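Trainee: I have a protein model open and I'm not sure how to read it. Can you walk me through it?

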Amino acid sequence: MTIGSKELQQLVDFAVTIAREAGDLALRHYRSPYAVEKKPDGSEVTVADRDAEAHLRSRISKQFPDDAIFGEEQEDYKGASGRRWIIDPIDGTFSFVRRVPMFGVLVALADESNVLLGVVNLPATQEIVSAARGLGCFWNGARARVSATESMTEALLLSTDFGTCEAYGFGRSAERLQRQAKACRTWGDCYGHILVATGRADVMLDPIMNVWDCAPLLPILEEAGGTFTDWKGSPTIDGGNAISTNRKLFAEVMKVIRENS
């Protein structure tokens, strides 16, 4: 299915609108008391996650009833159009429940072969980053670009949790990259990848990721001039893990991973 640039722009505008709406809803909960529950996998969930996802699903199903919807908190809706909306109502729930502003609403649209667009709304920091294939990446309406850093010795390296890299078999690689980097910080989840896309950081490591975590980040990083891959270096949302780079550092990062795997 071929989508023209005008239609694609309309789709990304719609995605920005619903991500903004869901972010406003989540932000109201963020500032109020609420209960924190545990899911079977031990991760946390709140009424904010459920309400934001319900809003996203409602808006999508009304506007595009034939499109599939895949999200974190509810069962998949199988559409017939060949397109699939992939949503994460709150990426960074661990931060959200601790009143740390590094959480986001994630919306992406994919067809049968590619992710067409991605939106990340960071409501607590009032930032929206969006991208669509061939239309560029934008940060609060201005063009977003990755950094020009050319060496890990000058790079800001991020991870949600460097210790988790060890747990998932990437400990040696992550340790080596930390030793090479100029500075390391744990500004994590979608926030870290967005920092790379907007040129404020250079490399972001995530040793475990779900599809709904990855989907919007692939077009965002690539349209900003960077890379979004799994730890094998493949540009995918299905790798189960992820690395964002400013592209100039990609070869150096992958060399370290290959040599320390």
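Mentor: Sure, and let's begin with an odd spot. This is a predicted model, and in it D206 is buried yet has no salt bridge. The nearest side chain of opposite charge, R200, is 15 Å away.

Trainee: Why does D206 count as buried?

Mentor: Buried means under 20% relative accessible area. D206 has 5% relative accessibility, so it counts as buried.

Trainee: And why doesn't R200 give D206 a salt bridge?

Mentor: A salt bridge needs a side-chain nitrogen of Lys or Arg within 4 Å of a carboxyl oxygen of Asp or Glu. For D206, the nearest side chain of opposite charge is 15 Å away, so there is no salt bridge under that cut-off.

Trainee: Where in the fold is D206 found?

Mentor: Look in strand 12, which covers residues 203-206.

Trainee: Which residues is D206 in contact with, leaving aside its neighbours within four places in sequence?

Mentor: You'll find T160, D189, H193, W231, N241 and A242 there. Take N241 as a case: it is 35 residues from D206 along the chain, but their C-alpha atoms are separated by 5.7 Å.

Trainee: What do contacts like that look like over the whole chain?

Mentor: Count the contacts with a separation of 6 or more: 61% of them are between residues 24 or more positions apart.

Trainee: OK, back to salt bridges. How many does the structure hold?

Mentor: The structure holds 12. Try E37 and R50, whose side chains meet at 3.2 Å, N to O. This pair links distant parts of the chain, with E37 in strand 1 (residues 36-38) and R50 in helix 2 (residues 47-63), 13 residues apart.

Trainee: Are E37 and R50 buried or exposed?

Mentor: Partly exposed, in between those two words: E37 has a relative accessible area of 38%, and R50 is at 36%.

Trainee: Which salt bridge could I compare with that one?

Mentor: Go to R57 and E53, which meet at 2.9 Å, N to O. They are four residues apart in helix 2, so about one helical turn separates them. R57 is buried, with a relative accessible area of 9%, and E53 is buried too, at 0%.

Trainee: What about a salt bridge between loops?

Mentor: K182 and E154 make one, with their closest N and O atoms 3.7 Å apart. K182 is in the loop between helix 5 (171-180) and strand 11 (183-185), while E154 is in the loop between strand 9 (142-143) and strand 10 (156-159), 28 residues apart. K182 counts as exposed at 59%, whereas E154 is partly exposed at 47%.

Trainee: Which residues are joined into one network by salt bridges that share partners?

Mentor: That would be E7, D67 and R83.

Trainee: Now zoom out. How many positive and negative side chains does the protein chain have?

Mentor: It has 29 positive and 36 negative ones, and the centres of the two sets lie 4 Å apart.

Trainee: And how many helices and strands are there?

Mentor: Nine helices and 14 strands. The radius of gyration is 17 Å, close to the 18 Å that the globule rule gives for 261 residues, so the chain is as compact as a globular protein of that length. Its C-alpha atoms fill a box of roughly 50 × 45 × 30 Å along the principal axes.

Trainee: What share of the residues is buried?

Mentor: Buried residues make up 54% of the 261. The chain exposes about 11500 Å², with carbon and sulfur atoms supplying 48% of that.

Methods
Residues are numbered from 1 along each chain as its sequence is written. This is a predicted model: local features need pLDDT of at least 70, side-chain atom pairs count only at pLDDT 80 or more; totals for chains, interfaces and linings use all residues. Side-chain values use heavy atoms; hydrogens and water are left out. Helices (H or I, at least four residues) and strands (E, at least two) are DSSP runs, numbered from the N terminus. The radius of gyration is taken over C-alpha atoms; the globule rule is 2.2 Å times the number of residues to the power 0.38. Buried means under 20% relative accessible area, exposed over 50%, partly exposed in between (1.4 Å probe, protein chains only). Contact means heavy atoms within 4.5 Å. Accessible areas come from the Shrake-Rupley method with a 1.4 Å probe; for residues, only the protein chains shown count as cover. Lys and Arg count as positive and Asp and Glu as negative; His and the chain ends are not counted. The place of a charge is taken as NZ of Lys, CZ of Arg, CG of Asp or CD of Glu.
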